[in-house]
Amino acid sequence: GEEGEEDEEDEEDGVPGLLGHGEGVLQLNTPTRLPSFLGGERAISVAASRYFSLALTADGSVWSWGDGVFDRLGHGDQEEDQCQPTKVEALAEQRVVAVSAGSVHSL
């Protein structure tokens, strides 16, 4: 096939966990609250790339989910996909004030 066709197929396959609703949920037709409560805190900011998402909660914690390749989710040496929001423990002692997501990095 042509290059454009391959890209279209990749998009149809979806990224495991990208939506944060667990394994196998690749598409939602309406806005749907995350099943995880982000440690009981309210999300004050979110950032998303094509492959993963980040949430910043009111207490300054960062949560990530989606495709974990290149350790872009921030969970140490793990390159595993996270199908639901998972707290970034490496930042637990920090008060984060903003999050940003790129294709292979997070800030």
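V88 is buried in this predicted model, where its relative accessible area is 6%. The residue belongs to the segment that follows β4. Beyond its neighbours up to four places away in sequence, V88 touches V62, S64, L73, G74 and H75. The pair V88 and G74 is separated by 14 residues in sequence, and their C-alpha atoms are 6.0 Å apart. V88 counts as buried because its relative accessible area of 6% falls under 20%.

V88 is also a member of the largest nonpolar core. This core consists of nine residues, and the other members are A47, F52, L54, L56, V62, L73, V96 and V99. Strand β2, residues 52-57, contributes three residues to the core, the most of any contributor. In soluble globular proteins, nonpolar side chains tend to be buried together. Another core member, V96, is in contact with L56, G60, V62 and L91 when residues up to four places away in sequence are set aside. V62 thus appears among the contacts of V88 and among those of V96, and V62 itself is part of the core.

The chain as a whole contains one helix and four strands. Read from the N terminus, these elements follow the pattern α-β-β-β-β. Of the 107 residues in the chain, 32% are buried. The surface exposed by the chain amounts to about 7000 Å², of which carbon and sulfur atoms supply 46%. Among contacts with a separation of 6 or more, 46% are between residues 24 or more positions apart.

The four strands form an open sheet in the order β1-β2-β3-β4, and their pairing is antiparallel. Its edges are β1, residues 43-48, and β4, residues 82-87, each of which pairs on one side only. On average, and with direction ignored, neighbouring strands of the sheet are turned by 15 degrees against each other. Strand β3, spanning residues 62-66, runs antiparallel to β4 and is joined to that strand by three bridges. G66 has Q82 of β4 as its bridge partner.

Within the sheet, S53 is a residue of strand β2. S53 is buried, with a relative accessibility of 9%. Its contacts outside the neighbours within four places in sequence are L18, A47, A48, W63, S64 and W65. One of these, A47, is a member of the largest nonpolar core. S64 is a contact of S53 and also of V88.

Charged side chains were examined next. Side chains of opposite charge can pair when their charged atoms come close. The structure holds one salt bridge. R72 and D67 form a salt bridge, and their closest N and O atoms are 3.4 Å apart. Both partners are buried: R72 has a relative accessible area of 5%, and D67 has a relative accessibility of 18%. D67 is therefore assigned to the buried class because its value of 18% is under the limit of 20%. The same limit applies to R72, which is buried at 5%.

Definitions and conventions
Residues numbered from 1 in each chain as written. Predicted model: local features only at pLDDT ≥ 70, side-chain atom pairs only at ≥ 80, totals over all residues. Heavy atoms only, no water. Helix = DSSP H or I, 4+ residues; strand = E, 2+ residues; numbered from the N terminus. Buried < 20%, exposed > 50% of the residue type's maximum accessible area, 1.4 Å probe, protein only. Contact = heavy atoms within 4.5 Å. Areas by Shrake-Rupley, 256 points an atom, 1.4 Å probe, with all protein chains shown as cover. Core = buried A, V, L, I, M, F, W, Y, C linked by side-chain atoms within 4.5 Å. Pairing = 2+ DSSP bridges. Axes fitted to C-alpha atoms, helices over the stretch in contact; angles between N-to-C directions. Salt bridge = Lys/Arg side-chain N within 4 Å of Asp/Glu carboxyl O.
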